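This briefing sets out the main computed features of one protein model. Please read it alongside the sequence and the coordinates.

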Amino acid sequence: MSNIGGVIKSIRDIFRKDPGLSGDAQRIEQLGWMIFLKLFDDKDKEKEILIPGYKSPIPAKLQWRNWAEDDEGITGDELINFVNNELFPTLKELQIVQDEKLSVIIRNIFDGTNNYMKSGTTFRQAINKLNEIDFNSSREHHIFNVIYEDILQGLAAKKDTGEFYTPRAVTQFVVDMVNPKLGEKICDPACGTAGFLVCSIDHLQKQVKNIQDREILQETVTGIELKPLPFMLSVVNLITHDIAAPKIENTDALSRELTSIKQKDRVDIIVANPPFGGVVGDGMETNFPLNYRTKESADLFLILFIQLLKKGGRAGIVLPDGSLTGDGVKQRVRQKLLEDCNVHTIVRLPNSVFAPYATVNTNLIFFEKGKPTKEIWYYEHTLPKGYKAYSKTKPIQISEFDEIKKWWNKRTEHEFAYKVSIDTIIERNYDLDVKNPNKVVKEVVYDKKAIIEKIEYNQTKISTIIEELKSLA
C-alpha cells in the first residue's frame with residue numbers, strides 16, 4: 001500500500017520541474033484530469049468484471065491502461081504528441097456510446113481542460129508515480145478522499161483562482177440539520193467541487209441497506225457547476241465517492257428561464273453556498289421576473305432556490321450579511337423568501353470562517369418552502385475560547401456545532417440564541433440583520449489614574465519634540 005499523500009506530493013514536486021506548468025491552479029488542473037482518466041480506467045476494469053458486455057465510453061487506445069499504465073511506455077516527444085494531438089482532440093469530440101451520460105461528462109471535462117506539460121520525460125515520471133495508486137482498493141480510496149479534500153483546500157486558498165471552498169465543518173453541519181432522507185432529490189446549483197454533495201452522500205450512505213437503495217442514492221444527488229476546473233474536480237470527487245455517473249451539469253444555473261422550472265424539475269433539498277459579491281453574466285438577470293432583476297449573484301440564486309424547491313422542500317444555504325439587508329430588489333427578494341418559505345433558523349457565523357479568501361460575515365439560512373415565516377430563531381456562533389480568528393491552520397471544527405445541535409430541537413433563548421417575530425421583521429422593512437439583544441457586554445472598567453499618567457507622559461514627550469524642532473529652526 002503506497003502512501004497516497006506522499007504520492008500526490010511527489011507528483012506535485014515533479015510538476016514543478018516542468019516548464020509548461022505555472023501556478024497551483026494549473027498544477028491542480030493537470031493532476032485533476034490525469035487522476036480522472038486513471039480513476040475512470042480503474043472503475044472500468046471493475047465494471048468489466050461485474051457487468052457482462054460492459055464497454056467503456058473511452059476508446060481502447062485512449063484508455064489509461066493502454067498508454068499510461070506501463071512504466072516503460074511512451075515518453076518524451078511521443079508522449080506529448082499523443083496527449084496533445086490524439087487524446088485531447090478525441091475526448092473533446094467523444095462519440096456518444098451506450099452510457100450517454102458518461103460520454104457527455106468526459107466531453108465536458110476535456111473541453112474545459114488543458115495539458116500544460118511540455119516535457120514528455122517529466123510527464124512520464126508523474127504518470128508512473130500516479131500508477132502507484134489503486135482506486136479500487138477501498139482503503140486507498142478512503143485515504144485518497146482525505147488527500148483530495150486537502151488538494152481542494154489548497155486550491156481554494158489561492159485567491160487568484162476565484163474558487164471558494166466551504167469548510168467541511170460547515171457543509172457537514174448544514175447537511176446534518178437539513179437531514180436528507182434516501183429517495184429525496186438533492187441539488188446544489190452552485191456545487192463548486194461538490195463539498196455539499198459529498199457530505200450528503202456520506203449522510204445517505206448510512207441509510208443504504210441493499211442494492212436498490214444504492215441505485216436510489218446514485219440517481220438522487222445532483223449538481224450544477226459552470227467553471228471548468230471545479231466542474232472536473234466535482235466529477236472526480238463524486239466518482240471517488242462511488243457515484244458511477246455523476247449527475248453534474250456543466251452550465252450556469254442562472255442561465256435557465258425561471259418560469260421554465262416546472263414541478264418535474266423540482267427537488268426536495270437544496271444545500272449550497274452560492275457565489276456572492278459576484279456580478280452575473282451578461283443578460284442572465286433577464287431570466288428572472290422584472291422585480292427581482294439584479295446583478296448580485298447571491299440574490300438571483302436565492303430566487304432560483306425558492307423556484308427549484310418542491311412544496312415542503314428544505315434548504316440550508318450560506319448567505320453573506322449583504323443579502324440580509326439593503327432595500328430595493330434586495331428587500332423584495334427577502335420578502336418573497338419570507339412569504340413563500342418558513343425561514344426558521346439563521347446561524348450567524350464569525351467573519352473569519354472562510355479565511356483566508358473571504359472575510360465577509362456569513363450566515364447559514366435554513367428554510368422550508370410552502371408556509372410563510374412566523375418567527376425566526378437566530379443563533380450566534382462564536383469563536384472558540386482563545387481564538388481571535390479562524391485561519392487555514394485553525395479552521396472551524398464540526399465539534400463546535402455540538403451546542404447548536406443540542407439546542408436545535410429544544411429551543412430556548414439564551415446569551416447566543418434569540419427569536420424575532422415576523423411583525424418585527426416587517427417593521428424593519430424585511431431587514432434580517434437583527435443584532436443579538438441577549439448579548440452580555442462585559443463592562444470595561446477604566447483605570448483613570450493610569451490614563452492620566454499616560455496622557456501626561458505623552459504631553460511631556462510632545463513638548464520635548466516641539467522644543468527640539470524650535471532649536472533646529
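Two strands pair if DSSP finds at least two bridges between them. Helices (H or I, at least four residues) and strands (E, at least two) are DSSP runs, numbered from the N terminus. The model is predicted, with local features needing pLDDT of at least 70 and side-chain atom pairs counting only at pLDDT 80 or more, while totals for chains, interfaces and linings use all residues. Residues are numbered from 1 along each chain as its sequence is written, and side-chain values use heavy atoms, with hydrogens and water left out.

**Strand pairing**

- Strand 1 (residues 186-188) and strand 2 run parallel and are joined by 3 bridges, with Ile186 opposite Val221 in strand 2.
- Strand 2 is also joined to strand 3 (residues 247-249) by 3 bridges, again in parallel, and Thr222 stands opposite Lys247 in strand 3.
- In strand 2 (residues 221-224), Val221 and Gly223 point one way and Thr222 and Ile224 the other, and all are buried (under 20% relative accessible area, against over 50% for exposed and in between for partly exposed; 1.4 Å probe, protein chains only).

**Overall chain**

- The protein chain has 17 helices and 9 strands, and its C-alpha atoms fill a box of roughly 85 × 70 × 45 Å along the principal axes.
- Of its 473 residues, 51% count as buried.
- The chain exposes about 22,900 Å², of which carbon and sulfur atoms supply 52% (Shrake-Rupley method, 1.4 Å probe; for residues, only the protein chains shown count as cover).
- Among contacts (heavy atoms within 4.5 Å) with a separation of 6 or more, 76% are between residues 24 or more positions apart.

**Second largest pocket**

- A pocket is an open set of points on a 1 Å grid over the protein atoms alone, with protein on both sides within 12 Å along at least five of seven lines; a cavity is a set where a 1.4 Å probe fits but cannot get out, and lining residues have an atom within 4 Å of a point.
- The second largest pocket has a volume of about 730 Å³, a volume being the space filled by probe spheres set on grid points joined across faces, edges and corners.
- Its lining comprises 23 residues, of which Lys47, Ile51, Arg214, Gln218 and Ala244 lie nearest the centre.
- Helix 2 (24-50), helix 5 (100-111) and helix 10 (211-220) each supply at least two lining residues, and helix 2 gives the most, with 6.
- The pocket lining divides into 10 nonpolar, 2 polar and 11 charged residues (Ala, Val, Leu, Ile, Met, Phe, Trp, Tyr, Cys and Pro are nonpolar; Asp, Glu, Lys and Arg are charged; the others, Gly among them, are polar).

**Cavities**

- The structure holds 2 cavities of 30 Å³ or more, and the second largest has a volume of about 30 Å³.
- Leu302, Leu319, Ser323, Leu324, Arg334, Leu337, Ile365 and Leu432 line the second largest cavity, giving 6 nonpolar, 1 polar and 1 charged residues.
- Helix 13 (321-324) and helix 14 (329-340) each supply at least two residues of this lining.

**Helix 6 and the loop after it**

- In helix 6, 8 of 11 residues are buried, namely Gly120, Thr122, Phe123, Arg124, Ala126, Ile127, Asn128 and Leu130.
- Their cover includes helix 1 (4-16), helix 2, helix 3 (64-67) and helix 4 (76-92).
- Asp134 is found in the loop between helix 6 (120-130) and helix 7 (138-156) and is partly exposed, with a relative accessible area of 36%.
- The C-alpha atoms of Asp134 and Ile4 are separated by 9.8 Å, although the two residues are 130 apart along the chain.
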